[in-house]
Amino acid sequence: IKDTRPMTGPFVTYRFHPLFAVQGSITYGRLRGEDSESENRARRGRNLSFKNNIFEVAAKFEYYPQVLSLSDVGYRGRYRVDYQTYFFAGVGGVIHGPRVKYNGVNYALRPLMTEGVKYSPVALVLPFGGGFFFTFRRQHRVGFEFSWSWTFTDYLDDISGTYADPSQMSSDPMAPILANQYIDQPNVPS
């Protein structure tokens, strides 16, 4: 959880019915992780890390349940605050490129094929979640959204399966170094 970062970006929503809307969005976020911060001894021994800037483009279908909303639909001024809750699901794509900093130098991991696999920088995602917003005096809106994107790639962190033979990696001499930074620790299972 402490490695969780916010995402940000523009979106456009078209509400075609009091209960339903569609949204198009472009978001940017950064993932990061370091095995050295893990409580798992084997992970600490593996000693890998990454950062990944992710751009997501998505189309979502939104549902606004009326039981979780307080809305002045008729604009008669009954309520000074309009409160809406919504849930959504959609489809989209991400562009990503995991990187690592090693001895002060940044390396792009995907071209190195550290697991002997050539994977795409583009992946399909299924975003879903919910949110809520307040509208004050029919002009100012503040809200929060919680989203989870199910990705169809296991390489956002450049790690998926097992250690590859260096002959399966790119010819770059850094590939085997960055693929296996194992630290020999006592009582760490291999």
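Analyst: A salt bridge here is a side-chain nitrogen of Lys or Arg within 4 Å of a carboxyl oxygen of Asp or Glu. Please keep in mind that this is a predicted model.

User: Happy to. Which residue forms a salt bridge with lysine 60?
Analyst: Lysine 60 is in strand E3, and the pair links distant parts of the chain, 85 residues apart. The other end lies in strand E8, residues 140-151. With the closest N and O atoms 3.7 Å apart, the partner of lysine 60 is glutamate 145.

User: Does glutamate 145 count as buried or partly exposed?
Analyst: Buried means under 20% relative accessible area and exposed means over 50%. Lysine 60 has 6% relative accessibility, so that end of the bridge counts as buried. Glutamate 145 has 33%, so this residue counts as partly exposed.

User: How many salt bridges does the structure hold?
Analyst: Side chains of opposite charge can pair when their charged atoms come close. Examples include the one between lysine 60 and glutamate 145, and another between arginine 32 and glutamate 37. The total for the structure is four.

User: Which residues are linked in a network of salt bridges?
Analyst: One pair to begin with is arginine 32 and glutamate 37, whose side chains meet at 3.6 Å, N to O. Arginine 32 is buried at a relative accessible area of 18%, while glutamate 37 is partly exposed at 34%. The network as a whole consists of Arg32, Glu34 and Glu37.

User: Where does aspartate 35 lie?
Analyst: A good way in is through its surroundings: aspartate 35 touches Arg43, Arg44, Arg46, Asn47 and Leu48, leaving aside residues up to four places away in sequence. Aspartate 35 follows strand E2 (20-34) and precedes helix H1 (41-46), so by the DSSP runs its place is the loop between E2 and H1.

User: Which residue meets aspartate 35 in a salt bridge?
Analyst: The two side chains come to 2.7 Å, N to O, and they also make a polar contact. The pair links distant parts of the chain, 11 residues apart, with the partner in helix H1. That partner is arginine 46.

User: What is the relative accessible area of aspartate 35?
Analyst: The cut-off for a buried residue is under 20%. Aspartate 35 is below that cut-off and therefore buried, with a value of 7%.

User: Turning to the interior, how many residues make up the largest nonpolar core?
Analyst: In soluble globular proteins, nonpolar side chains tend to be buried together. Here the members include Phe50, Val100, Tyr107, Leu109 and Met169. Tyrosine 107, for one, touches Met174 and Leu178, among other residues more than four places away in sequence. The core comes to 11 residues in all.

User: Which helix gives the largest share of this core?
Analyst: The core members include Met174, Ala175, Leu178 and Ala179. Those positions fall within residues 174-179, and the share from that element is four residues. The element is helix H2.

User: And outside, what is the area of the nonpolar surface patch?
Analyst: The patch is made by Tyr14, Phe16, Val22, Phe61, Tyr63, Val67, Leu68 and Phe87. Two or more of its residues come from each of strand E1 (11-17) and strand E3 (49-63). Its area is about 810 Å².

User: Is phenylalanine 61 buried or partly exposed?
Analyst: Phenylalanine 61 is found in strand E3. Its relative accessible area is 41%, which is between the 20% and 50% cut-offs. Phenylalanine 61 is therefore partly exposed.

User: Which residue has a positive phi of about 70 degrees although it is not a glycine?
Analyst: Most residues other than glycine have a negative phi. Methionine 113 has a positive value of about 50 degrees and lies in the loop between strands E6 and E7. The residue you ask for is in the loop between E8 and H2, and is buried at 5%. It is aspartate 158.

User: To finish with the overall fold, in what order do the elements of the protein run?
Analyst: The secondary structure comes to two helices and eight strands. Among contacts between residues at least 6 apart in sequence, 65% join residues at least 24 apart. From the N terminus on, the order is β-β-α-β-β-β-β-β-β-α.

Note on methods: Residues numbered from 1 in each chain as written. Predicted model: local features only at pLDDT ≥ 70, side-chain atom pairs only at ≥ 80, totals over all residues. Heavy atoms only, no water. Buried < 20%, exposed > 50% of the residue type's maximum accessible area, 1.4 Å probe, protein only. Polar contact = N/O pair within 3.5 Å; in protein donor to acceptor, adjacent residues only side chain to side chain. Contact = heavy atoms within 4.5 Å. Core = buried A, V, L, I, M, F, W, Y, C linked by side-chain atoms within 4.5 Å. Patch = residues over 30% accessible without salt bridge, like charges linked within 9 Å, V, L, I, M, F, W, Y side chains within 5 Å. Areas by Shrake-Rupley, 256 points an atom, 1.4 Å probe, with all protein chains shown as cover.
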